[in-house]
Amino acid sequence: MNRPAQVPPLASQGCSEQKQAARAAERLSQLIACKTVSIESGGERKEFERMQLLLSEFYPQIFKSMDLVRIKELTLVLRWQGLNQGRPPIVLMAHQDVVEASGSWKYPPFAGVIEDGCVWGRGAIDDKGCLCALLEAVESLLTEGFVPERDIYLVMSHNEEPMGDGAAEVTNWLREQGIEPVMVLDEGGAVVDKVLPGVRGLTAMIGTGEKGYLNVRFKAASRGGHASTPPKSSPLGRLASLINHIEKKPPFPARLNPVIRDLFRRMAPQMSGLLKFVFGNLWLTAPILPRLLASMGGEARALVMTTCAFTMARGSGAPNVLPETAEVTANLRIAVHQSTQEVMDQLQLIAAKYDVECEKIYGHEPTAGGLLDSREAEILIEAIGKIYKNVNVAPYLMLAASDSHHFSSLARNVFKFTPFHLTSDLRGGIHGLDEKLPIDELERAIEFYKTLIRLVPSS
Ligand SMILES: [Zn+2]
(Lines give C-alpha, C1' and ligand atoms only; values in the text may rest on other atoms or scores of the structure.)
Protein backbone atom coordinates (compact mmCIF):
# COMPACT_ATOMS: atom_id res chain seq x y z
CA MET A 1 0.00 0.00 0.00
CA ASN A 2 1.56 3.30 -1.07
CA ARG A 3 1.08 6.51 0.83
CA PRO A 4 -2.21 8.06 -0.35
CA ALA A 5 -1.35 10.63 -3.00
CA GLN A 6 -3.01 13.74 -1.60
CA VAL A 7 -1.53 13.64 1.89
CA PRO A 8 1.93 15.17 2.26
CA PRO A 9 4.43 13.53 4.63
CA LEU A 10 4.45 14.76 8.21
CA ALA A 11 6.55 17.90 8.37
CA SER A 12 8.40 16.76 11.48
CA GLN A 13 9.15 13.31 10.13
CA GLY A 14 12.71 12.49 11.10
CA CYS A 15 14.75 9.50 12.14
CA SER A 16 13.29 9.23 15.65
CA GLU A 17 9.68 9.49 14.37
CA GLN A 18 10.38 6.76 11.84
CA LYS A 19 11.81 4.58 14.60
CA GLN A 20 8.75 5.24 16.77
CA ALA A 21 6.46 4.37 13.84
CA ALA A 22 8.32 1.12 13.17
CA ARG A 23 8.13 0.18 16.87
CA ALA A 24 4.44 1.08 16.98
CA ALA A 25 3.80 -1.07 13.89
CA GLU A 26 5.55 -3.99 15.56
CA ARG A 27 3.38 -3.55 18.66
CA LEU A 28 0.19 -3.24 16.60
CA SER A 29 1.17 -6.45 14.85
CA GLN A 30 1.40 -8.23 18.22
CA LEU A 31 -1.94 -6.80 19.34
CA ILE A 32 -3.57 -8.13 16.15
CA ALA A 33 -2.07 -11.56 16.90
CA CYS A 34 -4.22 -11.67 20.07
CA LYS A 35 -7.49 -12.95 18.66
CA THR A 36 -9.78 -10.74 20.72
CA VAL A 37 -13.02 -11.64 18.99
CA SER A 38 -15.81 -10.43 21.30
CA ILE A 39 -16.64 -13.13 23.86
CA GLU A 40 -20.35 -12.75 23.04
CA SER A 41 -19.44 -13.81 19.49
CA GLY A 42 -17.46 -16.89 20.53
CA GLY A 43 -14.10 -15.30 21.35
CA GLU A 44 -11.91 -16.44 24.24
CA ARG A 45 -11.26 -14.53 27.42
CA LYS A 46 -7.61 -15.62 27.52
CA GLU A 47 -6.93 -13.69 24.30
CA PHE A 48 -8.07 -10.47 26.00
CA GLU A 49 -5.92 -11.27 29.04
CA ARG A 50 -2.95 -11.90 26.76
CA MET A 51 -3.46 -8.60 24.97
CA GLN A 52 -3.83 -6.67 28.22
CA LEU A 53 -0.57 -8.17 29.47
CA LEU A 54 1.11 -7.00 26.27
CA LEU A 55 -0.35 -3.50 26.72
CA SER A 56 1.12 -3.25 30.22
CA GLU A 57 4.51 -4.38 28.86
CA PHE A 58 4.45 -2.00 25.87
CA TYR A 59 3.22 1.00 27.84
CA PRO A 60 4.77 0.74 31.33
CA GLN A 61 4.48 4.47 32.15
CA ILE A 62 0.74 4.41 31.53
CA PHE A 63 0.07 1.33 33.62
CA LYS A 64 2.47 2.41 36.39
CA SER A 65 1.39 6.01 36.80
CA MET A 66 -2.35 5.98 36.08
CA ASP A 67 -5.25 4.72 38.19
CA LEU A 68 -6.73 1.65 36.56
CA VAL A 69 -10.37 0.66 37.04
CA ARG A 70 -11.68 -2.57 35.56
CA ILE A 71 -15.33 -2.58 34.53
CA LYS A 72 -16.98 -5.96 33.79
CA GLU A 73 -13.46 -7.33 34.37
CA LEU A 74 -12.15 -6.76 30.83
CA THR A 75 -13.05 -3.16 30.04
CA LEU A 76 -10.21 -0.86 31.10
CA VAL A 77 -10.54 2.71 32.37
CA LEU A 78 -7.29 4.59 33.03
CA ARG A 79 -7.25 7.98 34.71
CA TRP A 80 -4.45 10.36 33.83
CA GLN A 81 -4.39 13.04 36.52
CA GLY A 82 -4.23 16.56 35.13
CA LEU A 83 -3.11 19.85 36.66
CA ASN A 84 -6.65 21.18 37.22
CA GLN A 85 -8.53 18.31 38.75
CA GLY A 86 -11.70 20.30 39.39
CA ARG A 87 -12.32 20.71 35.65
CA PRO A 88 -14.51 18.29 33.70
CA PRO A 89 -12.27 15.67 32.10
CA ILE A 90 -11.74 14.49 28.53
CA VAL A 91 -12.45 10.86 27.54
CA LEU A 92 -10.47 9.19 24.76
CA MET A 93 -11.79 5.80 23.66
CA ALA A 94 -10.80 2.76 21.55
CA HIS A 95 -12.21 -0.76 21.81
CA GLN A 96 -10.23 -3.96 22.30
CA ASP A 97 -12.52 -6.46 20.60
CA VAL A 98 -12.78 -7.32 16.92
CA VAL A 99 -15.19 -9.16 14.66
CA GLU A 100 -14.39 -12.63 13.32
CA ALA A 101 -12.48 -12.96 10.07
CA SER A 102 -13.84 -15.40 7.52
CA GLY A 103 -13.13 -15.77 3.81
CA SER A 104 -9.86 -15.94 2.00
CA TRP A 105 -7.28 -13.37 3.14
CA LYS A 106 -3.98 -12.44 1.50
CA TYR A 107 -2.26 -12.93 4.88
CA PRO A 108 -3.73 -14.84 7.85
CA PRO A 109 -6.03 -12.35 9.65
CA PHE A 110 -4.60 -12.98 13.11
CA ALA A 111 -0.89 -13.12 12.24
CA GLY A 112 -0.22 -9.35 12.23
CA VAL A 113 1.94 -9.54 9.10
CA ILE A 114 3.91 -6.35 8.29
CA GLU A 115 4.30 -6.10 4.52
CA ASP A 116 4.19 -3.39 1.82
CA GLY A 117 4.34 -0.61 4.42
CA CYS A 118 1.18 -1.85 6.15
CA VAL A 119 0.21 -3.82 9.22
CA TRP A 120 -2.25 -6.48 8.05
CA GLY A 121 -4.95 -8.24 10.02
CA ARG A 122 -8.33 -8.05 11.69
CA GLY A 123 -8.50 -4.94 13.83
CA ALA A 124 -5.64 -3.09 12.06
CA ILE A 125 -8.06 -0.17 11.55
CA ASP A 126 -11.08 -1.15 13.67
CA ASP A 127 -10.02 -0.46 16.33
CA LYS A 128 -6.59 -1.68 17.42
CA GLY A 129 -4.95 0.88 15.13
CA CYS A 130 -6.59 3.66 17.18
CA LEU A 131 -5.93 1.84 20.46
CA CYS A 132 -2.24 1.50 19.61
CA ALA A 133 -1.87 5.09 18.34
CA LEU A 134 -3.61 6.50 21.42
CA LEU A 135 -1.47 4.53 23.89
CA GLU A 136 1.74 5.29 21.92
CA ALA A 137 0.92 9.01 22.09
CA VAL A 138 0.14 8.99 25.82
CA GLU A 139 3.21 6.88 26.70
CA SER A 140 5.40 9.23 24.69
CA LEU A 141 3.97 12.32 26.43
CA LEU A 142 4.39 10.67 29.85
CA THR A 143 8.02 9.89 29.01
CA GLU A 144 8.54 13.57 28.17
CA GLY A 145 7.14 14.46 31.60
CA PHE A 146 4.05 16.10 30.11
CA VAL A 147 1.06 16.64 32.42
CA PRO A 148 -2.32 17.45 30.80
CA GLU A 149 -4.20 20.56 31.87
CA ARG A 150 -7.13 18.47 33.15
CA ASP A 151 -7.86 14.79 33.80
CA ILE A 152 -7.93 12.51 30.79
CA TYR A 153 -9.66 9.15 30.92
CA LEU A 154 -8.64 6.39 28.52
CA VAL A 155 -11.58 4.00 28.01
CA MET A 156 -11.05 0.64 26.29
CA SER A 157 -14.15 -1.53 26.18
CA HIS A 158 -14.07 -5.25 25.45
CA ASN A 159 -17.42 -5.76 23.71
CA GLU A 160 -18.15 -2.89 21.33
CA GLU A 161 -18.79 -5.04 18.29
CA PRO A 162 -21.73 -7.05 19.69
CA MET A 163 -23.03 -3.86 21.33
CA GLY A 164 -22.11 -5.21 24.74
CA ASP A 165 -22.31 -3.52 28.11
CA GLY A 166 -18.68 -2.47 28.69
CA ALA A 167 -18.99 1.17 27.61
CA ALA A 168 -22.49 1.49 29.07
CA GLU A 169 -21.15 0.35 32.47
CA VAL A 170 -18.31 2.87 32.19
CA THR A 171 -20.86 5.67 31.83
CA ASN A 172 -22.73 4.31 34.89
CA TRP A 173 -19.49 4.27 36.85
CA LEU A 174 -18.59 7.83 35.79
CA ARG A 175 -22.08 8.98 36.80
CA GLU A 176 -21.68 7.38 40.23
CA GLN A 177 -18.41 9.27 40.67
CA GLY A 178 -20.13 12.53 39.66
CA ILE A 179 -17.87 12.85 36.61
CA GLU A 180 -19.27 14.58 33.53
CA PRO A 181 -16.72 14.72 30.71
CA VAL A 182 -16.64 17.88 28.64
CA MET A 183 -15.55 15.96 25.55
CA VAL A 184 -15.47 12.34 24.38
CA LEU A 185 -13.57 11.13 21.33
CA ASP A 186 -14.19 7.65 19.93
CA GLU A 187 -13.86 5.89 16.56
CA GLY A 188 -16.02 7.17 13.73
CA GLY A 189 -15.53 9.11 10.53
CA ALA A 190 -12.06 9.30 9.02
CA VAL A 191 -10.21 11.54 6.60
CA VAL A 192 -11.68 10.53 3.26
CA ASP A 193 -11.77 11.66 -0.35
CA LYS A 194 -14.84 11.90 -2.61
CA VAL A 195 -17.11 12.17 0.41
CA LEU A 196 -20.01 13.11 -1.87
CA PRO A 197 -20.27 12.87 -5.64
CA GLY A 198 -18.33 15.75 -7.21
CA VAL A 199 -16.51 16.81 -4.03
CA ARG A 200 -12.80 17.38 -4.53
CA GLY A 201 -10.09 17.08 -1.88
CA LEU A 202 -9.91 15.42 1.50
CA THR A 203 -12.53 15.79 4.21
CA ALA A 204 -12.22 14.94 7.87
CA MET A 205 -15.62 13.52 8.75
CA ILE A 206 -16.41 14.16 12.41
CA GLY A 207 -19.39 12.19 13.61
CA THR A 208 -21.40 14.12 16.19
CA GLY A 209 -24.40 11.81 16.37
CA GLU A 210 -25.32 8.37 15.17
CA LYS A 211 -28.30 6.48 13.90
CA GLY A 212 -30.26 4.24 16.21
CA TYR A 213 -30.33 0.47 15.93
CA LEU A 214 -33.16 -2.04 15.84
CA ASN A 215 -33.37 -5.78 15.23
CA VAL A 216 -36.87 -7.06 14.47
CA ARG A 217 -38.19 -10.59 13.99
CA PHE A 218 -41.17 -11.16 11.66
CA LYS A 219 -43.03 -14.42 12.16
CA ALA A 220 -45.74 -16.00 9.98
CA ALA A 221 -47.68 -19.09 11.12
CA SER A 222 -48.88 -21.92 8.86
CA ARG A 223 -52.56 -22.59 8.26
CA GLY A 224 -51.82 -26.24 7.68
CA GLY A 225 -51.67 -28.24 4.45
CA HIS A 226 -49.37 -30.66 2.74
CA ALA A 227 -46.48 -29.69 0.48
CA SER A 228 -48.15 -31.59 -2.37
CA THR A 229 -51.34 -29.52 -2.02
CA PRO A 230 -50.08 -26.17 -0.75
CA PRO A 231 -52.46 -23.50 0.55
CA LYS A 232 -52.86 -20.30 -1.45
CA SER A 233 -51.06 -18.34 1.22
CA SER A 234 -47.96 -19.92 2.80
CA PRO A 235 -45.96 -18.42 5.69
CA LEU A 236 -42.97 -17.87 3.42
CA GLY A 237 -45.16 -16.33 0.72
CA ARG A 238 -46.62 -13.83 3.20
CA LEU A 239 -43.16 -12.96 4.48
CA ALA A 240 -41.96 -12.50 0.89
CA SER A 241 -44.84 -10.07 0.24
CA LEU A 242 -43.97 -8.18 3.41
CA ILE A 243 -40.29 -7.92 2.44
CA ASN A 244 -41.26 -6.77 -1.03
CA HIS A 245 -43.55 -4.11 0.43
CA ILE A 246 -40.92 -2.69 2.79
CA GLU A 247 -38.16 -2.75 0.16
CA LYS A 248 -40.26 -1.21 -2.63
CA LYS A 249 -42.24 1.25 -0.53
CA PRO A 250 -40.30 1.93 2.68
CA PRO A 251 -42.65 3.73 5.09
CA PHE A 252 -39.87 5.80 6.67
CA PRO A 253 -39.85 9.57 6.08
CA ALA A 254 -36.76 11.18 4.51
CA ARG A 255 -35.59 14.38 6.18
CA LEU A 256 -32.62 16.71 6.08
CA ASN A 257 -31.55 17.18 9.69
CA PRO A 258 -29.32 20.11 10.77
CA VAL A 259 -26.10 18.03 10.88
CA ILE A 260 -26.51 16.70 7.32
CA ARG A 261 -27.56 20.16 6.15
CA ASP A 262 -24.35 21.59 7.61
CA LEU A 263 -22.34 18.80 5.96
CA PHE A 264 -23.74 19.79 2.55
CA ARG A 265 -23.24 23.50 3.22
CA ARG A 266 -19.58 22.92 4.03
CA MET A 267 -19.07 20.64 1.01
CA ALA A 268 -20.69 22.94 -1.57
CA PRO A 269 -17.59 25.12 -2.22
CA GLN A 270 -15.64 21.96 -3.18
CA MET A 271 -18.26 20.94 -5.74
CA SER A 272 -18.76 22.07 -9.29
CA GLY A 273 -21.60 22.59 -11.75
CA LEU A 274 -25.12 21.55 -10.87
CA LEU A 275 -24.14 19.90 -7.58
CA LYS A 276 -22.53 23.14 -6.40
CA PHE A 277 -25.79 24.93 -7.14
CA VAL A 278 -27.98 22.28 -5.48
CA PHE A 279 -25.93 22.01 -2.30
CA GLY A 280 -24.88 25.66 -2.21
CA ASN A 281 -28.48 26.94 -2.30
CA LEU A 282 -30.12 24.86 0.40
CA TRP A 283 -32.57 27.68 1.13
CA LEU A 284 -34.05 26.85 -2.26
CA THR A 285 -33.31 23.15 -2.73
CA ALA A 286 -33.78 21.78 0.83
CA PRO A 287 -37.45 20.83 0.29
CA ILE A 288 -36.63 18.45 -2.59
CA LEU A 289 -33.26 17.16 -1.38
CA PRO A 290 -34.41 14.44 1.05
CA ARG A 291 -36.44 12.68 -1.64
CA LEU A 292 -33.67 13.12 -4.18
CA LEU A 293 -31.08 11.61 -1.82
CA ALA A 294 -33.45 8.83 -0.80
CA SER A 295 -33.86 7.86 -4.46
CA MET A 296 -30.06 7.65 -4.88
CA GLY A 297 -29.84 4.69 -2.50
CA GLY A 298 -26.68 3.59 -0.67
CA GLU A 299 -25.05 6.05 1.72
CA ALA A 300 -27.00 9.05 0.37
CA ARG A 301 -30.28 7.40 1.33
CA ALA A 302 -28.93 6.17 4.65
CA LEU A 303 -28.05 9.77 5.59
CA VAL A 304 -31.64 10.99 5.36
CA MET A 305 -33.86 8.08 6.37
CA THR A 306 -34.26 4.91 8.42
CA THR A 307 -33.01 1.86 6.51
CA CYS A 308 -34.15 -1.75 6.79
CA ALA A 309 -32.04 -4.74 5.71
CA PHE A 310 -33.50 -8.26 5.83
CA THR A 311 -30.65 -10.41 7.05
CA MET A 312 -31.86 -13.83 8.26
CA ALA A 313 -34.60 -16.26 7.25
CA ARG A 314 -35.90 -19.63 8.48
CA GLY A 315 -38.55 -22.00 7.14
CA SER A 316 -39.01 -25.76 7.56
CA GLY A 317 -36.21 -28.30 7.84
CA ALA A 318 -37.02 -30.31 4.70
CA PRO A 319 -37.88 -29.55 1.05
CA ASN A 320 -41.26 -31.35 1.20
CA VAL A 321 -42.48 -29.97 4.53
CA LEU A 322 -44.50 -26.77 4.84
CA PRO A 323 -43.16 -24.78 7.79
CA GLU A 324 -45.43 -24.43 10.82
CA THR A 325 -43.90 -21.04 11.29
CA ALA A 326 -41.45 -19.15 9.12
CA GLU A 327 -39.50 -16.10 10.18
CA VAL A 328 -37.24 -13.40 8.85
CA THR A 329 -35.09 -10.96 10.78
CA ALA A 330 -34.40 -7.39 9.79
CA ASN A 331 -31.71 -4.99 10.93
CA LEU A 332 -32.79 -1.36 10.92
CA ARG A 333 -30.77 1.81 11.38
CA ILE A 334 -33.02 4.50 12.78
CA ALA A 335 -32.76 8.05 11.42
CA VAL A 336 -32.33 10.76 14.05
CA HIS A 337 -35.80 12.19 13.33
CA GLN A 338 -37.44 8.88 14.31
CA SER A 339 -37.54 6.70 17.44
CA THR A 340 -37.40 2.92 17.68
CA GLN A 341 -41.03 2.91 18.91
CA GLU A 342 -42.22 5.00 15.98
CA VAL A 343 -40.51 2.60 13.55
CA MET A 344 -41.96 -0.44 15.37
CA ASP A 345 -45.44 1.09 15.00
CA GLN A 346 -44.87 1.54 11.26
CA LEU A 347 -43.64 -2.03 10.84
CA GLN A 348 -46.53 -3.45 12.88
CA LEU A 349 -49.04 -1.74 10.61
CA ILE A 350 -47.50 -3.28 7.49
CA ALA A 351 -47.00 -6.70 9.12
CA ALA A 352 -50.70 -6.84 10.08
CA LYS A 353 -51.64 -6.49 6.40
CA TYR A 354 -49.84 -9.76 5.63
CA ASP A 355 -50.96 -11.58 8.79
CA VAL A 356 -47.41 -11.49 10.14
CA GLU A 357 -46.34 -10.83 13.73
CA CYS A 358 -43.41 -8.62 14.47
CA GLU A 359 -41.36 -8.29 17.63
CA LYS A 360 -38.43 -6.18 18.72
CA ILE A 361 -35.33 -8.22 19.57
CA TYR A 362 -32.98 -5.36 20.39
CA GLY A 363 -32.93 -1.62 19.91
CA HIS A 364 -31.32 1.61 20.96
CA GLU A 365 -32.26 5.16 20.12
CA PRO A 366 -30.42 7.45 17.70
CA THR A 367 -28.41 10.38 19.07
CA ALA A 368 -29.11 13.64 17.27
CA GLY A 369 -25.60 15.13 17.27
CA GLY A 370 -24.69 18.77 16.99
CA LEU A 371 -22.89 21.20 14.74
CA LEU A 372 -19.17 21.76 15.11
CA ASP A 373 -19.60 25.07 16.87
CA SER A 374 -18.39 24.37 20.42
CA ARG A 375 -15.00 25.24 21.85
CA GLU A 376 -14.18 21.55 22.09
CA ALA A 377 -14.98 21.09 18.39
CA GLU A 378 -12.60 23.95 17.63
CA ILE A 379 -9.83 22.15 19.53
CA LEU A 380 -10.45 18.93 17.64
CA ILE A 381 -10.49 20.78 14.31
CA GLU A 382 -7.27 22.58 15.24
CA ALA A 383 -5.57 19.25 16.00
CA ILE A 384 -6.76 17.81 12.68
CA GLY A 385 -5.52 20.93 10.87
CA LYS A 386 -2.05 20.60 12.38
CA ILE A 387 -1.71 17.05 11.11
CA TYR A 388 -3.59 17.24 7.80
CA LYS A 389 -2.90 20.33 5.72
CA ASN A 390 -5.67 21.62 3.41
CA VAL A 391 -8.32 19.27 4.68
CA ASN A 392 -12.01 20.19 4.84
CA VAL A 393 -13.83 19.41 8.06
CA ALA A 394 -17.49 18.42 8.20
CA PRO A 395 -19.90 17.07 10.79
CA TYR A 396 -21.87 13.97 9.93
CA LEU A 397 -24.04 11.28 11.44
CA MET A 398 -22.53 7.86 11.82
CA LEU A 399 -24.51 5.25 9.99
CA ALA A 400 -22.96 2.45 12.04
CA ALA A 401 -23.14 2.10 15.82
CA SER A 402 -20.28 2.80 18.23
CA ASP A 403 -19.61 2.62 21.97
CA SER A 404 -19.71 6.40 22.24
CA HIS A 405 -23.50 6.59 21.87
CA HIS A 406 -23.65 5.60 25.56
CA PHE A 407 -21.91 8.88 26.41
CA SER A 408 -24.41 11.14 24.66
CA SER A 409 -26.50 11.54 27.82
CA LEU A 410 -23.42 12.25 29.94
CA ALA A 411 -21.10 14.47 27.91
CA ARG A 412 -21.77 17.73 26.10
CA ASN A 413 -19.49 16.95 23.16
CA VAL A 414 -19.24 13.41 21.80
CA PHE A 415 -17.09 13.20 18.68
CA LYS A 416 -16.65 10.13 16.51
CA PHE A 417 -13.46 10.48 14.50
CA THR A 418 -10.81 7.94 13.47
CA PRO A 419 -7.58 9.86 12.77
CA PHE A 420 -6.52 7.93 9.65
CA HIS A 421 -6.75 8.87 5.98
CA LEU A 422 -8.76 5.93 4.69
CA THR A 423 -9.07 5.30 0.97
CA SER A 424 -12.07 3.27 -0.19
CA ASP A 425 -9.71 0.27 -0.48
CA LEU A 426 -8.71 0.62 3.18
CA ARG A 427 -12.32 1.21 4.27
CA GLY A 428 -13.31 -2.00 2.48
CA GLY A 429 -11.15 -3.98 4.93
CA ILE A 430 -13.20 -2.90 7.97
CA HIS A 431 -15.31 -5.95 8.91
CA GLY A 432 -14.23 -7.25 5.46
CA LEU A 433 -11.26 -9.00 3.86
CA ASP A 434 -7.60 -7.94 4.05
CA GLU A 435 -7.98 -5.24 6.70
CA LYS A 436 -4.71 -3.31 6.86
CA LEU A 437 -3.33 -0.01 8.12
CA PRO A 438 -0.45 1.81 6.40
CA ILE A 439 2.34 2.48 8.92
CA ASP A 440 2.35 6.12 7.76
CA GLU A 441 -1.24 6.42 8.96
CA LEU A 442 -0.38 4.89 12.31
CA GLU A 443 2.41 7.44 12.70
CA ARG A 444 0.08 10.27 11.71
CA ALA A 445 -2.52 9.13 14.26
CA ILE A 446 0.08 9.06 17.06
CA GLU A 447 0.95 12.68 16.22
CA PHE A 448 -2.75 13.56 16.10
CA TYR A 449 -3.43 12.25 19.62
CA LYS A 450 -0.30 13.96 20.99
CA THR A 451 -1.35 17.25 19.38
CA LEU A 452 -4.91 16.99 20.65
CA ILE A 453 -3.83 16.20 24.22
CA ARG A 454 -1.43 19.15 24.20
CA LEU A 455 -4.27 21.43 23.06
CA VAL A 456 -6.58 20.47 25.94
CA PRO A 457 -7.22 23.76 27.73
CA SER A 458 -7.04 24.40 31.48
CA SER A 459 -10.36 26.20 31.73
ZN1 LIG B 1 -14.96 -0.32 15.84
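## A buried methionine

Let's start inside this predicted model. Met305 is buried, because 22 other C-beta atoms lie within 10 Å of its own, and the cut-off for calling a residue buried is 20 or more. This methionine sits in the loop between α11 and β10 (307–314).

Which residues does Met305 touch, leaving aside its neighbours within four places in sequence? The contacts are Phe252, Pro253, Ala254, Ala294 and Ala335. Gly369 lies 64 residues away from Met305 along the chain, and the C-alpha atoms of the two are separated by 15 Å.

## Two domains and their contact

The protein splits into domain 1, made of 15–209 and 369–455, and domain 2, which covers 210–364. Between their C-alpha centres there are 31 Å. Domain 1 brings 23 residues to the contact, and domain 2 brings 20 residues.

On the side of domain 1 that touches domain 2, the elements giving two or more residues are β8 (202–210) and β13 (392–398). The largest share comes from β13, with six residues. Sorted by class, this side of domain 1 holds twelve nonpolar, nine polar and two charged residues.

## Helix α13, one face at a time

Helix α13 runs over residues 375–387. At 1.5 Å a residue, its 13 residues should span 18 Å, and the end C-alpha atoms are 19 Å apart, so the model agrees with the expected span.

Where do the buried residues of α13 fall when seen down its axis? Glu376, Leu380, Ala383 and Ile387 are the buried ones. They fall within an arc of 60°, and therefore line one face of the helix. The general rule helps here: an α-helix has 3.6 residues a turn, so residues three or four places apart point the same way.

The cover over the buried residues of α13 includes β7 (183–193), β8, β14 (413–421) and α15 (439–455). On the face turned away from the buried side, you will find the exposed residues Arg375, Glu378 and Glu382.

## Helix α7 and its partners

Helix α7 takes in residues 258–267, and its buried residues are Val259, Ile260, Asp262, Leu263, Phe264 and Met267. These pack against β8, α8 (273–280), α9 (282–285), α11 (298–304) and β13. Among these partners, β8 and β13 also give residues to the side of domain 1 that touches domain 2.

## How confident is the model?

The average pLDDT is 92, and 96% of the residues score at least 70. Over residues 1–6 the pLDDT is below 50, and this stretch has eleven contacts in the model beyond near neighbours in sequence.

Notes. Residues are numbered from 1 along each chain as its sequence is written. This is a predicted model: local features need pLDDT of at least 70, side-chain atom pairs count only at pLDDT 80 or more; totals for chains, interfaces and linings use all residues. Domain bounds come from an automatic or database domain assignment. Two residues are in contact if their C-beta atoms, placed from the backbone, lie within 7 Å. Helices (H or I, at least four residues) and strands (E, at least two) are DSSP runs, numbered from the N terminus. Ala, Val, Leu, Ile, Met, Phe, Trp, Tyr, Cys and Pro count as nonpolar, Asp, Glu, Lys and Arg as charged, and the others, Gly among them, as polar. pLDDT is the predictor's confidence in each residue, from 0 to 100. The expected span of a helix is 1.5 Å times one less than its number of residues. A residue is buried if 20 or more other C-beta atoms lie within 10 Å of its own, exposed if 12 or fewer, and partly exposed in between; C-beta atoms are placed from the backbone. The arc is that of the directions from the helix axis to the C-beta atoms.
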